[in-house]
Amino acid sequence: MRKIIVACIVFTVASLSSQATPIGPAIGSVSVPSDGSSVSTPFPLDSGKQYWILAQGVYYYDFDKSEADAEWSAPAGQSWTDVGGDLYDLLVQDADQSWLGSAATNPNPVQYFSSYASNVFSAGHHTYWLPWEGSGQKLTFRIYDGYYADNSGSLTVSVYTPEPCCALLLAVGSAMLLKRRSRRDPGGLLF
Ligand SMILES: [Ca+2]
């Protein structure tokens, strides 16, 4: 039995490692309007704790329906491009960011997090990740544009916690195995 338990733990560690995703559950989301106003999370982020920010959606930055997402933009009828600087970008704490995009078609960005990288356009789905270390402050988001009166739409921003500790999952798995063994051999030692 001991060999079986050890084998199960090794298998669990290998499985978790192969997932290569540090993303845990979402703890909240906000809608960021394209009128230039700032929106903050209703909660502060714990100091020193690693979070992940997910930006989704497209807004219009001109009456002619020119589009932009968190990092890239497209003048009406033209290809998407990263114009550089912070123009049309989604700012965090009023600063430009290097949002991570993915060219892969991934309806579930949490599951396919490992395909995201900097300077990549998220064609088709317009989702972007950004790692962020908390500092005890609320996060503030704002869309940057030189002229806001012709804008419409908004972006959705969600904040995620890190993946629950592998040790916790291992402890649960081990406890289940030991419970099964104790039923078979109530008087025996665990190992
Ligand atoms: Ca505009």
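Two strands count as paired when DSSP finds at least two bridges between them. That rule is a handy way into this predicted model, where strands do much of the talking.

**The overall layout**

The protein has two helices and 12 strands. Reading from the N terminus, a helix opens the series, the strands follow one after another, and a helix closes it: α-β-β-β-β-β-β-β-β-β-β-β-β-α. Of the 191 residues in the protein, 21% are buried. Among contacts with a separation of 6 or more, 71% link residues that lie 24 or more positions apart.

**Strand 3 and its two partners**

Strand 3 covers residues 50–56 and pairs with strand 10, residues 127–133, in the antiparallel sense. Seven bridges hold that pairing, and within it Y51 stands opposite W132 of strand 10. Strand 3 also runs antiparallel to strand 12, residues 154–162, and five bridges join these two. Here W52 has Y160 of strand 12 as its bridge partner. As background, strands of a sheet pair through backbone hydrogen bonds, either parallel or antiparallel.

**A three-stranded open sheet**

Strands 2, 11 and 7 form an open sheet in the order 2-11-7, with antiparallel pairing. Its edges are strand 2 (39–44) and strand 7 (90–92), each of which pairs on one side only. From one strand to the next, the twist averages 20°. Strand 7 meets strand 11, residues 138–143, over three antiparallel bridges, and L90 has I143 in strand 11 as its bridge partner.

Here are the antiparallel pairings with their bridge counts:

| Strand | Partner | Bridges |
|---|---|---|
| Strand 3 (residues 50–56) | Strand 10 (residues 127–133) | seven bridges |
| Strand 3 | Strand 12 (residues 154–162) | five bridges |
| Strand 7 | Strand 11 (residues 138–143) | three bridges |

**A closer look at L100**

L100 sits in strand 8, which spans residues 100–101. Is L100 buried or exposed? L100 counts as buried because it has 25 C-beta neighbours inside 10 Å, and the cut-off for that label is 20 or more.

Which residues does L100 touch, leaving aside those up to four places away in sequence? They are Y116, A117, S118, Y128, W129 and L130. For one of these, L130, the chain separation is 30 residues, while the C-alpha to C-alpha distance to L100 is 6.1 Å. Residue L130 also falls within the range of strand 10, residues 127–133, the strand that pairs with strand 3.

How values were computed:
Residues numbered from 1 in each chain as written. Predicted model: local features only at pLDDT ≥ 70, side-chain atom pairs only at ≥ 80, totals over all residues. Helix = DSSP H or I, 4+ residues; strand = E, 2+ residues; numbered from the N terminus. Buried ≥ 20, exposed ≤ 12 C-beta atoms within 10 Å, placed from the backbone. Contact = placed C-beta atoms within 7 Å. Axes fitted to C-alpha atoms, helices over the stretch in contact; angles between N-to-C directions.
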